[in-house]
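Got a minute to go through this one? Let's ask how each label is earned.

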Amino acid sequence: MYIKSIILEGFKSYAERTEINGFDPLFNAITGLNGSGKSNILDSICFLLGISNLSQVRATNLQDLVYKNGLAGITKATVSITFDNSDKKQSPLGFETHDEITITRQVVIGGRNKYLINGVNANNTRVQDLFCSIGLNVNNPHFLIMQGRITKVLNMKPPEILAMIEEAAGTRMYECKKISAQKTIEKKEAKLKEIQTILDEEITPAMQKLKEERSSYLEYQKLMREIEHLSRLYVAYQFVCAEETKLKSSEDLQSMQDAIGKLKESMLENEGKVKALSLEIQELENNRDKEVGGHSEVSGG
């Protein structure tokens with residue numbers, strides 16, 4: 001995969017839309033007079049590849065890349081690079097069916113910085129993975145060999161040479177992902193350990209206490225049910241006893257009422273006899289008075 005064309009619009013010294021074609025698959029050189037914008041073409045490539053150290057493209061922030069910092073009425077900088085992807089052996093992962101890949105990066109003053117892959121919005125991570133899969137990591141310190149760094153490259157130590165080879169081979173991306181995954185795993189393990197500690201020190205004792213309280217509550221409910229059952233039996237027993245007492249009292253009352261009735265009859269009968277005896281006594285007294293009166297008259301005569 002190699003650069004086929006570059007389109008600049010509003011980027012640094014390129015205020016108007018400028019298209020650069022005619023790139024060679026193997027070797028290219030940009031020549032021109034001082035101030036003609038040679039370095040800005042390299043800066044645009046680094047910008048699109050996602051360079052993080054903006055000092056290497058002679059800027060302090062992304063807005064510095066806009067033509068005259070937006071003071072000339074241009075408020076956005078856009079760089080589009082079309083890559084020739086006819087060699088499928090060197091094709092990025094997932095793009096084997098595309099003969100060309102067009103990647104666009106745009107920065108807007110006061111707005112969002114966005115990427116597009118073949119006209120479709122894409123996040124920064126996806127674009128970086130695309131470049132790293134073919135060995136294009138602009139943030140590798142050895143990706144750009146500036147003036148005065150040739151000697152430093154020649155004097156590299158084996159680990160530095162290995163890192164540069166890994167970047168060129170495209171395996172560095174997976175090493176970075178491996179390191180990132182290991183860090184993520186370590187964080188997750190630390191979080192799991194923290195959660196386990198919380199479980200052992202706080203939640204498990206609380207659960208045990210709640211289980212004991214639940215057992216006590218269930219025992220309490222059992223006892224309350226038994227008490228309620230016994231209370232109902234006691235109330236039923238009292239009711240039966242009351243019914244029996246009521247029935248017995250009714251019978252006793254009836255017997256007493258019968259006895260009272262008989263006594264009343266006997267009293268009435270005795271009253272009649274008393275009246276009869278009173279009459280007999282009165283009659284006897286009258287007869288006696290008569291007899292006593294008759295004897296008195298005989299004696300006087």
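**Core, helix and a lone acid**

Q: What makes the largest nonpolar core, and which residues have the most contacts inside it?
A: The largest nonpolar core has 36 residues, with I6, I81, F83, I103 and F131 having the most contacts inside it. The term covers buried Ala, Val, Leu, Ile, Met, Phe, Trp, Tyr and Cys joined through side-chain atoms within 4.5 Å, where buried is under 20% relative accessible area with a 1.4 Å probe, protein chains only. Helix 1 gives the largest share, six residues.

Q: What are the ground rules here?
A: This is a predicted model, so to speak with cut-offs: local features need pLDDT of at least 70 and side-chain atom pairs 80 or more, while totals for chains, interfaces and linings use all residues. Residues are numbered from 1 along each chain as its sequence is written, and side-chain values use heavy atoms, without hydrogens and water.

Q: How do you know that the length of helix 1 agrees with what it should span?
A: The expected span is 1.5 Å times one less than the number of residues. For the 12 residues of helix 1 that is 16 Å, and the end C-alpha atoms are 18 Å apart, which agrees. Helices here are DSSP runs of H or I, at least four residues, and strands are E runs of at least two, numbered from the N terminus.

Q: Why is helix 1 called mostly covered?
A: Nine of its 12 residues are buried, among them I41, F47 and L48.

Q: What keeps D84 from having a salt bridge?
A: A salt bridge needs a Lys or Arg side-chain nitrogen within 4 Å of an Asp or Glu carboxyl oxygen. K4, the nearest side chain of opposite charge, is 4.5 Å away, so buried D84 has none.

Terms used:
Buried means under 20% relative accessible area, exposed over 50%, partly exposed in between (1.4 Å probe, protein chains only). Lys and Arg count as positive and Asp and Glu as negative; His and the chain ends are not counted.
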